[in-house]
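The following note sets out, point by point, a reading of the coordinates for a colleague's consideration. Each point may be checked against the display below.

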Amino acid sequence: MSGGTDEGPRRVGRPRADRLRPAGGRPPREEILCAAAELFTVRGYAATTTRAVAERAGLRQATMYHYFRGKEELLAELLESTVGPSLALSRRLLADTGRPAARRLWELCRSDVLLLCGGPYDLGALYLLPELGGPRFAPFRRKREELRDAYRSLLRATPAGAELAGDRAGLTLRNDLVFGLIEGVMLIHRSDPGRPVAAFAEAAADAALRIAGVSGTAAAPGPAPSLPGRPTPAG
């Protein structure tokens with residue numbers, strides 16, 4: 001069988017002890033995700049086989065199947081890693097009603113950009129894959145929609161959002177523009193990956209608030225929240 005053939009999932013028992021720690025030194029599961037992130041973004045999702053991911057991670061293909069059933073499961077976990085931390089932060093910010101909503105919206109925008117652009121791989125580019133319409137990616141779609149709703153709730157609580165009371169379509173459009181800017185910055189960052197991410201995140205948050213119509217109401221930048229980083233290069 002050709003080395004490029006993607007064999008179907010073969011769930012096995014416990015992996016052999018001599019393959020539990022790949023050459024990169026990370027736990028096997030993390031190593032596999034790092035390898036998948038690299039290959040999906042560099043080589044392309046369709047062109048990447050599970051065999052290639054396993055080889056890049058320094059594991060046997062059968063060992064990889066102990067952790068992941070196939071490419072869809074790998075892609076789903078990578079995608080959820082781009083939205084999960086921001087969603088958790090948005091819930092905390094929504095509950096923090098003692099501070100201005102505009103300040104909290106700015107913090108969410110900044111943190112989201114830090115997460116999306118703070119790693120070595122452009123995982124946001126995977127958002128455009130047609131495969132994301134499949135049932136396996138329903139949890140990712142739900143989390144992303146919940147995050148969008150959190151943006152809308154924070155925007156609605158700002159003075160500019162209050163002016164749109166009763167104009168549901170207007171509020172939705174304003175929110176979509178803000179949310180679209182934050183997700184779209186990945187393309188801007190890709191054109192100049194050497195740009196300092198922290199300053200880029202703050203500038204993007206400033207721009208998002210101007211679109212939201214609340215320019216000047218965000219607080220001066222404070223320490224960035226601690227968010228799990230995106231996968232680091234394998235090997």
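1. Helices and strands are here DSSP runs, numbered from the N terminus, with at least four residues for a helix and at least two for a strand. On that basis the chain holds 10 helices and zero strands. The model is a predicted one. Read along the sequence, the elements follow the pattern α-α-α-α-α-α-α-α-α-α.

2. Two figures describe the chain as a whole. It has 235 residues, of which 46% count as buried. Where contacts between residues at least 6 apart in sequence are considered, 75% of them join residues at least 24 apart.

3. Helix packing may be taken next, beginning with H6 and H10. Helix H6 spans residues 101-117 and helix H10 residues 197-212; their axes come within 8 Å and cross at roughly 135 degrees. Angles over 145 degrees count as roughly antiparallel and those from 65 to 115 as roughly perpendicular, and H6 and H10 are therefore oblique to each other. Their crossing is right-handed. On the H6 side the contact involves Ala-102, Leu-105, Trp-106, Cys-109, Arg-110, Val-113, Leu-114 and Cys-117. H10 contributes residues including Val-197, Phe-200, Glu-202, Asp-206 and Leu-209, together with several alanines, among them Ala-198, Ala-201 and Ala-212. By class, the residues of this contact comprise 16 nonpolar, no polar and three charged.

4. Helix H6 also packs against H9, at an angle of about 30 degrees and with the axes 10 Å apart. The crossing of H6 and H9 is right-handed. Cys-109, Asp-112, Val-113, Leu-116 and Cys-117 of H6 make this contact with Val-178, Ile-182, Glu-183, Val-185, Met-186 and His-189 of H9. The contact of H6 with H9 divides into eight nonpolar, one polar and two charged residues. Cys-109, Val-113 and Cys-117 thus appear in the contact with H10 and also in the contact with H9.

5. The charged pairs deserve separate comment. Side chains of opposite charge can pair when their charged atoms come close. The structure holds 13 salt bridges. One of them joins the side chains of Glu-73 and Arg-69, with an N to O distance of 3.6 Å. Glu-73 counts as buried, at 14% relative accessibility, whereas Arg-69 is exposed, with a relative accessible area of 53%.

6. Which residue forms a salt bridge with Glu-80? The partner is Lys-143, and the closest N and O atoms are 2.9 Å apart. Lys-143 lies in helix H7 (residues 138-156) and Glu-80 in helix H4 (residues 71-81), so the pair ties together parts that are 63 residues apart in sequence. Lys-143 is partly exposed, its relative accessible area being 29%.

7. Helix H7 takes part in a further link, through Arg-148. Asp-176 forms a salt bridge with Arg-148, the closest N and O atoms being 3.3 Å apart. Asp-176 belongs to helix H9 (residues 168-191), and the pair, 28 residues apart, links distant parts of the chain. Asp-176 counts as partly exposed at 32% relative accessibility. Elsewhere, Asp-96, Arg-99 and Glu-107 are joined into one network by salt bridges that share partners.

8. A final remark concerns Gly-180, which is also found in helix H9. Gly-180 is partly exposed, with a relative accessible area of 41%. Its C-alpha is 9.6 Å from that of Arg-148, and the two residues are 32 apart in sequence.

Notes: Residues are numbered from 1 along each chain as its sequence is written. This is a predicted model: local features need pLDDT of at least 70, side-chain atom pairs count only at pLDDT 80 or more; totals for chains, interfaces and linings use all residues. Side-chain values use heavy atoms; hydrogens and water are left out. Axes are lines fitted to C-alpha atoms, for helices over the stretch in contact, and angles run from 0 to 180 degrees between N-to-C directions. Angles under 35 degrees count as roughly parallel, over 145 as roughly antiparallel, 65 to 115 as roughly perpendicular and the rest as oblique. A crossing is left-handed if the near helix is turned anticlockwise from the far one by less than a right angle, and right-handed if clockwise. Contact means heavy atoms within 4.5 Å. Ala, Val, Leu, Ile, Met, Phe, Trp, Tyr, Cys and Pro count as nonpolar, Asp, Glu, Lys and Arg as charged, and the others, Gly among them, as polar. A salt bridge is a side-chain nitrogen of Lys or Arg within 4 Å of a carboxyl oxygen of Asp or Glu. Buried means under 20% relative accessible area, exposed over 50%, partly exposed in between (1.4 Å probe, protein chains only).
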